[in-house]
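Biologist: Please take a close look at one charged side chain in this model and at what surrounds it. I should then like the description to continue to the charge pairs, the core and the cavities.

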Amino acid sequence: MIQRNMLPGAFASTPDGRTQTTMTRYAAGAVAAVAIALLVWHPWAAPVAEQPEPESAEVQEEQRAPSTLEGALAAHPAYENPSPSDFSAIEAADAQTTAGFTLTEGDAPALSSERAAALDEALAYYTDEEVPVGFLLMDIGSGRGFAHNIDQEIYGASTFKALYCAYLLIDQVENGEFSLTSAVRDGVMSQSGSFRFSGQDTLENMISDSIIYSDNNSYGALRASFSDADLARWLESVSADSGMAYDEWFPHCSARDAARLWSTAYTYMQTGTEGAQLLSELCASTKTSFMRDALTNEEALLVETDAAPEGQEAVTDAAQEGGAEAGDTASTPAPEGAGEGEAPSEGETASEEAASEEELTVSSAAGVGAISACVATTGATMQERMTEPMLVRSKAGWYPGDTEDISCVSENGIVTLNGRDYLICVMTGARYTDRNVLRMEELTRAVFALHDDLA
């Protein structure tokens with residue numbers, strides 16, 4: 001047999017006749033070493049790490065909670081098929097209490113200490129001077145809100161004009177009795193209180209002038225042309241006080257009834273008919289709006305102006321203290337049944353705001369300071385969170401009456417912010433002066449700021 005040198009890598013015979021190489025033996029040893037290393041160092045062979053403790057139920061609930069106010073409100077039961085009669089379910093409270101309510105299921109919202117403090121500050125003047133005030137704020141989508149002294153009837157002045165026009169559109173136009181192009185007798189209302197028909201215009205134009213410019217002539221002509229009995233029937237059908245139809249042409253109204261009527265107007269606006277779109281556009285375009293100025297135009301309010309609008313002197317507290325209003329002009333409506341040219345008797349008349357087509361002049365330094373403080377506490381956060389322009393659809397009323405029974409600085413309407421619609425009614429029996437306009441705007445900001453507590 002021939003033998004060869006056994007060099008590394010040379011073949012060698014095994015007892016059973018198989019062959020293997022030295023490299024194969026080396027490879028087998030290497031594989032074994034790697035396997036041992038993996039067994040020792042791989043994570044599954046390492047000691048089990050200590051697991052964190054599970055989070056508490058409160059923390060888990062916070063993590064699941066919506067991160068925005070709008071999301072939190074949407075998480076509440078939806079307020080479906082709203083009805084003006086639902087506002088009867090809001091419990092009455094004493095005149096000094098602001099209470100939360102809900103028209104759906106669950107607990108009513110509660111005021112935070114921060115919002116309560118700002119609200120108390122805004123209400124201080126009305127409380128100290130015993131000026132009647134009532135308000136209601138509600139997120140329409142959830143039926144959650146706050147109410148304050150909502151059953152006291154307060155002189156509403158021109159706040160009723162938009163609601164009366166809503167009545168005409170809902171009850172007269174939508175049922176086919178009239179159209180927006182129907183001709184309606186126009187007229188003129190004198191400062192002495194007499195009303196006479198003169199000429200004619202379309203129903204749409206007269207409704208537009210009544211809402212946008214708070215025009216007394218157009219509104220007076222509409223009131224003289226349509227039956228108060230039909231208005232009373234409609235008011236009763238929406239659970240409001242039918243007596244407002246006969247409370248002359250500028251009735252007293254509670255915040256609860258204002259909410260009933262504006263919720264009716266809001267539901268109508270949602271229908272999208274030609275009349276509904278008109279009403280929505282007009283209420284968003286009013287020439288004078290304390291609410292819109294308060295919530296969307298704070299900087300403009302902080303600019304003092306010395307000049308009043310042409311033909312109108314600014315009404316100041318000094319004039320108020322003297323017992324007379326500078327530039328005071330008042331129009332008085334004819335009582336029910338008064339015909340063309342018939343002047344109502346002095347005891348039957350109701351006062352209306354001075355110079356309805358003029359914008360207000362804001363010139364009270366004291367009031368400016370109050371607004372600055374309110375913006376610092378409630379306005380900035382809202383402005384920073386705004387994801388789209390705020391929409392205010394409302395109607396203001398104002399009049400410097402000799403008594404609080406016919407004095408008014410008020411406004412009611414719908415505010416849309418970040419996709420949520422809020423019903424807001426703020427009624428005050430304050431006399432119309434520059435300073436009281438500022439107080440009204442401060443109060444409006446404080447009331448609307450309560451929407452942060454609705455969730």
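Modeller: In this predicted model, the residue to begin with is Asp 453, whose contacts, apart from its neighbours within four places in sequence, are Pro 109, Ala 110, Leu 111, Ser 112, Arg 115 and Phe 146. Asp 453 itself is found in the segment after helix H15, a helix that covers residues 434-448. Asp 453 is buried and yet has no salt bridge. The nearest side chain of opposite charge belongs to Arg 115, 4.3 Å away. A salt bridge requires a side-chain nitrogen of Lys or Arg within 4 Å of a carboxyl oxygen, so a separation of 4.3 Å does not qualify. Arg 115 is nevertheless engaged elsewhere: together with Glu 114 and Asp 452, Arg 115 belongs to a network of salt bridges.

Side chains of opposite charge can pair when their charged atoms come close. Over the whole structure, 7 salt bridges are found. One of them joins Asp 151 to Arg 256, with 2.6 Å between the closest N and O atoms. Asp 151 sits in the loop between strand E5 (144-148) and E6, whereas Arg 256 sits in helix H9, so this pair ties together parts that are 105 residues apart in sequence. The two partners are placed in different surroundings: Asp 151 is partly exposed at 40% relative accessibility, while Arg 256 is buried at 6%.

Helix H9 also holds a salt bridge between Asp 257 and Arg 260, with an N to O distance of 2.7 Å. These two residues lie 3 places apart within H9, about one turn of the helix. Asp 257 counts as buried at 6% relative accessibility, and Arg 260 counts as buried at 10%. In contrast to Asp 453, which is buried with no salt bridge, Asp 257 therefore is a buried acid whose side chain meets that of an arginine.

Arg 260 deserves a further word. H9 spans residues 255-269, and from this helix Arg 260 touches Pro 84, Phe 87, Ser 88, Val 238, Ser 239 and Ala 240, when residues up to four places away in sequence are not counted. Arg 260 and Asp 86 are separated by 174 residues in sequence, but their C-alpha atoms are 8.4 Å apart in space.

A salt bridge is also formed by the side chains of Arg 223 and Asp 228, at 3.2 Å from N to O. Both members are buried: Arg 223 has a relative accessible area of 2%, and Asp 228 one of 5%.

The nonpolar interior comes next. The largest nonpolar core holds 68 residues, and of these Leu 136, Leu 222 and Leu 423 touch the most other members. Helix H5, residues 159-173, gives the most to this core, with 10 residues. Apart from it lies another core, of 35 residues, which includes Leu 73, Val 133, Tyr 422 and Leu 450. Leu 423, beyond its neighbours within four places in sequence, is in contact with Phe 87, Leu 136, Leu 137, Met 138, Ile 140, Ala 259, Trp 262, Ser 263, Gly 413 and Ile 414. Phe 87 is thus in contact with Leu 423 and is also touched by Arg 260.

Leu 423 lines the largest cavity as well, together with Tyr 79, Pro 82, Phe 87, Met 138, Ile 140, Ser 263, Tyr 266, Thr 267 and Ile 414. The largest share of that lining, 3 residues, comes from H9. The space within this cavity amounts to about 50 Å³. A search of the whole structure finds 3 cavities of 30 Å³ or more.

Two features of the backbone complete the account. Most residues other than glycine have a negative phi. Ala 157, in the loop between strand E6 (154-155) and H5, has a positive phi near 45°. Ala 157 is buried, at 0% relative accessibility. Asn 418 likewise has a positive phi, of about 50°, although it is not a glycine. Asn 418 is placed in the loop between strand E11 (408-417) and strand E12 (420-428), and at 13% relative accessibility Asn 418 counts as buried.

Conventions: Residues are numbered from 1 along each chain as its sequence is written. This is a predicted model: local features need pLDDT of at least 70, side-chain atom pairs count only at pLDDT 80 or more; totals for chains, interfaces and linings use all residues. Side-chain values use heavy atoms; hydrogens and water are left out. Helices (H or I, at least four residues) and strands (E, at least two) are DSSP runs, numbered from the N terminus. Buried means under 20% relative accessible area, exposed over 50%, partly exposed in between (1.4 Å probe, protein chains only). Lys and Arg count as positive and Asp and Glu as negative; His and the chain ends are not counted. Contact means heavy atoms within 4.5 Å. A nonpolar core is a set of buried Ala, Val, Leu, Ile, Met, Phe, Trp, Tyr and Cys residues joined through side-chain atoms within 4.5 Å. On a 1 Å grid over the protein atoms alone, a cavity is a set of points where a 1.4 Å probe fits but cannot get out, and a pocket is an open set with protein on both sides within 12 Å along at least five of seven lines; lining residues have an atom within 4 Å of a point. Grid points are joined across faces, edges and corners, and a volume is the space filled by probe spheres set on the points.
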